Amino acid sequence: MTDADPARFGAAHPSEGKPAALIAWGLYILSIPSANILVLVGVLVAYAGRGSATGVARAHIEEQLRLFWSVVWWTVGLWILAIVSFVTIILFPVGLVNLMSDRNP
């Protein structure tokens, strides 16, 4: 998923890649009140800007992308856990009680 080349982290112009890193960071911060819609835009900006970024800006963008995918997979896992918990704690007992009440008049 990364195309990081250690040779690219060498000397470059200090401001190269900073605008993309700052825009992606700003969109991540603004995503808190926007129901995370801007996170997707921030990820697209980060993917688009990481090709030209070098040095600290490149490392920052890579870290943002790693964090994004980590949060995505934790969210998916927790939603699956919540659904399984709901089914086992609520639906199975309610179904069992309903089944038992149908047998006894």
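**Group meeting: a three-helix model, starting from Glu62**

Glutamate 62 sits in helix H3. Keep an eye on that residue; we will come back to it after the overview.

First, a caution. This is a predicted model. The mean pLDDT of the protein is 78. Residues reaching 70 or more make up 76% of the protein. Which element has the highest mean pLDDT? That is helix H3, residues 55–103, at 87. Helix H1, residues 18–30, has the lowest, at 76.

Now the architecture. The protein has three helices and zero strands. Along the sequence, the pattern reads α-α-α. Take contacts with a separation of 6 or more: 62% of them join residues 24 or more positions apart.

On to burial. The protein has 105 residues, and 21% of them count as buried. The accessible surface is about 7,600 Å². Carbon and sulfur atoms account for 76% of that surface.

Back to helix H3, then, with three residues to look at.

Glutamate 62 first. Is glutamate 62 buried or exposed? Buried: its relative accessibility is 15%, and the cut-off for buried is under 20%. Its side chain also has a partner. A polar contact of 3.5 Å links the side chains of glutamate 62 and arginine 50.

Next, glutamine 64. This residue also belongs to helix H3. Glutamine 64 counts as buried because its relative accessible area is 7%. What does glutamine 64 touch, leaving aside neighbours within four places in sequence? The contacts are Ala21, Ala24, Trp25, Tyr28 and Ala46. Of these, Ala21, Ala24, Trp25 and Tyr28 fall within the residue range of helix H1, 18–30. So on screen, put glutamine 64 in the centre and look for Trp25 and Tyr28 around it; both are in contact with glutamine 64.

Last, valine 94. Valine 94 is placed in helix H3 too. Here the picture turns around. Valine 94 has 52% relative accessibility, so this residue counts as exposed. Valine 94 is also part of a nonpolar patch on the surface. The other members are Phe86, Ile89, Ile90 and Leu91. Together, the five residues have about 470 Å² of accessible area.

To wrap up helix H3: glutamate 62 is buried, and glutamine 64 is buried. Valine 94 is exposed, and belongs to the nonpolar patch. That is the tour.

Definitions and conventions. Residues numbered from 1 in each chain as written. Predicted model: local features only at pLDDT ≥ 70, side-chain atom pairs only at ≥ 80, totals over all residues. Heavy atoms only, no water. pLDDT = per-residue confidence, 0-100. Helix = DSSP H or I, 4+ residues; strand = E, 2+ residues; numbered from the N terminus. Buried < 20%, exposed > 50% of the residue type's maximum accessible area, 1.4 Å probe, protein only. Contact = heavy atoms within 4.5 Å. Areas by Shrake-Rupley, 256 points an atom, 1.4 Å probe, with all protein chains shown as cover. Patch = residues over 30% accessible without salt bridge, like charges linked within 9 Å, V, L, I, M, F, W, Y side chains within 5 Å. Salt bridge = Lys/Arg side-chain N within 4 Å of Asp/Glu carboxyl O. Polar contact = N/O pair within 3.5 Å; in protein donor to acceptor, adjacent residues only side chain to side chain.
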